[in-house]
Amino acid sequence: MDASTYRVPSFRRQLYGRTYRLIAVRSSGLDKQKERKLEDVLAREKASLEKAVEQARKVTYNCAEDAETATQALIHQHRKALHSLRTTVETEQVQEQRARRGRPRKDEPAPEMRTVYRLNAEIVSPSPETIELWQEREGTFVLITDIRGDQRVPDEQVRRLYKDPIDVENRFRYLKSPYHVGPLFLQKPSRVKAFGYVMLLSLRMYSAFEYMLREQMSKETEPLILPGKRKSFRPTGSSVLEMFDDMTTIWLGSGESRQRRTAKPHDGQVERILGWFGLDLNISSEVASSGC
């Protein structure tokens, strides 16, 4: 089930001589993500503006026109910022430098004063309208299709057709993991093909495992504690399988008798997971009978 809600207005545009339907998808899920991003964007942007304003204040100009030109250049440089700049051009009296070095003579007149111009800028926080426009833009993505019949394929169905392959691609990320295929070398094409079938079967088993795991978690009142002390009611299959990486066994022998035992105590979360599938820690130390 989709946790996000969507608004999908559409419009038509001509591109390269053909008419396309463009669908602007506004996602509430993206809104929540961008809210967290906004604080970071504002902080970094303000720090950048403060540095730029500080550098600009150090420069003096001989005429007001030059200072005004520099002011407009500063505003143009940061025109895409959420913050705005309130600028002014200030005058300042400075003393001319002496024509020659060294200690001045007692009867030497003091250098003349002259007027210079310096720009100043105040950083203004973004308005609510600016923030709303940024959130609207960041929380929206556009889909394009040459299926022009709204009745045959509605806008919402186009969105779902776009989103569903992403879920499939996320599954294939499991197959592409170097953890599974990195160390392998297969010389014959037939073996590569056979290995592909084995990996597809393992993907189906992995998907079924994750589905059963989440179904069980939907009935639980306590979250699962994953590696890194992360709590989750919807864990991924890979994060749960990671909990089994440390399960090691050793052989203990006395005379002709040999037994396999777990090498160290295991996390209670591991036993909890095994119990959901009707198993226990003995699966790592006992060989199941074939029933033949």
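In which helix is Leu200 found? The answer is helix α6, and this helix turns up again and again in the description that follows. The model is a predicted one, and it is described here from the overall make-up of the chain down to single residues.

To start with the overall picture, the chain has eight helices and ten strands. It runs to 292 residues, and 24% of them are buried. The accessible surface adds up to about 21,700 Å², with carbon and sulfur atoms holding 52% of it. As for how the chain comes back on itself, take the contacts with a separation of 6 or more: 60% of these are between residues 24 or more positions apart.

Now for the inside. The largest nonpolar core is made of twelve residues, namely Leu49, Ala52, Val53, Ala56, Tyr61, Ala67, Ala70, Leu74, Leu85, Tyr117, Leu119 and Ala121. Three elements each put in at least two residues: α1 (28–57), α2 (64–77) and β5 (113–124). Of the contributions to this core, the largest share is that of α1, with four residues. Val53 gives a close-up of the packing: leaving aside residues up to four places away in sequence, Val53 touches Leu85 and Ala121. Apart from this core there is another, built from eleven residues that include Met217, Val240, Val270 and Leu274.

Val270 and Leu274 also show up in a look at helix α8. The buried residues of α8 are Gln269, Val270, Arg272, Ile273 and Leu274. What do the buried residues of α8 pack against? Their partners are α6, β7 (224–226) and α7 (237–241). Just past the end of α8, Gly278 has a positive phi of about 70 degrees.

The stretch after α8 also takes part in an aromatic pair. A pair of aromatic rings is described by the distance of the centres and the angle of the planes. The count of such pairs comes to one. The two rings belong to Phe209 and Phe277; their centres are 5.4 Å apart and their planes lie at 25 degrees, so the pair is stacked, given that planes under 30 degrees apart count as stacked. Phe209 sits in helix α6 and Phe277 in the segment after α8 (268–276), so the pair ties together parts that are 68 residues apart in sequence. Are the two rings' residues buried or exposed? Phe209 counts as buried because its relative accessibility is 17%, under the 20% cut-off. Phe277, with a relative accessible area of 27%, is partly exposed.

On the outside, Val168, Phe172, Tyr197 and Leu200 form a nonpolar surface patch, and together they have about 370 Å² of accessible area. Helices α4 (155–176) and α6 (189–217) each supply at least two residues of the patch. Leu200, the residue from the opening question, is partly exposed, with a relative accessible area of 38%.

Helix α4 meets α6-numbered positions through a charged residue as well. Arg171 is found in helix α4 and is partly exposed, at 27% relative accessible area. Which residues does Arg171 touch, not counting residues up to four places away in sequence? They are Leu203, Tyr206, Ser207 and Glu210. From Arg171 to Ser207 the C-alpha to C-alpha distance is 7.9 Å, though the two are 36 residues apart in sequence.

Another arginine, Arg26, belongs to strand β3 (residues 18–27). Arg26 counts as buried because its relative accessibility is 13%. Its C-alpha lies 6.4 Å from that of Val8, and the two residues are 18 apart in sequence.

Two loop residues round off the picture. Tyr16 has a phi near 55 degrees, a positive value in a residue other than glycine. Tyr16 lies in the loop between β2 (10–15) and β3, and is exposed, with a relative accessible area of 84%. Lys229 is not a glycine either, yet has a positive phi of about 60 degrees. Lys229 is part of the loop between β7 and β8 (230–232). With a relative accessible area of 72%, Lys229 is exposed, the cut-off being over 50%.

Conventions: Residues numbered from 1 in each chain as written. Predicted model: local features only at pLDDT ≥ 70, side-chain atom pairs only at ≥ 80, totals over all residues. Heavy atoms only, no water. Core = buried A, V, L, I, M, F, W, Y, C linked by side-chain atoms within 4.5 Å. Buried < 20%, exposed > 50% of the residue type's maximum accessible area, 1.4 Å probe, protein only. Contact = heavy atoms within 4.5 Å. Patch = residues over 30% accessible without salt bridge, like charges linked within 9 Å, V, L, I, M, F, W, Y side chains within 5 Å. Areas by Shrake-Rupley, 256 points an atom, 1.4 Å probe, with all protein chains shown as cover. Salt bridge = Lys/Arg side-chain N within 4 Å of Asp/Glu carboxyl O. Phe/Tyr/Trp six-rings, centres within 6.5 Å; stacked < 30°, edge-to-face > 60°.
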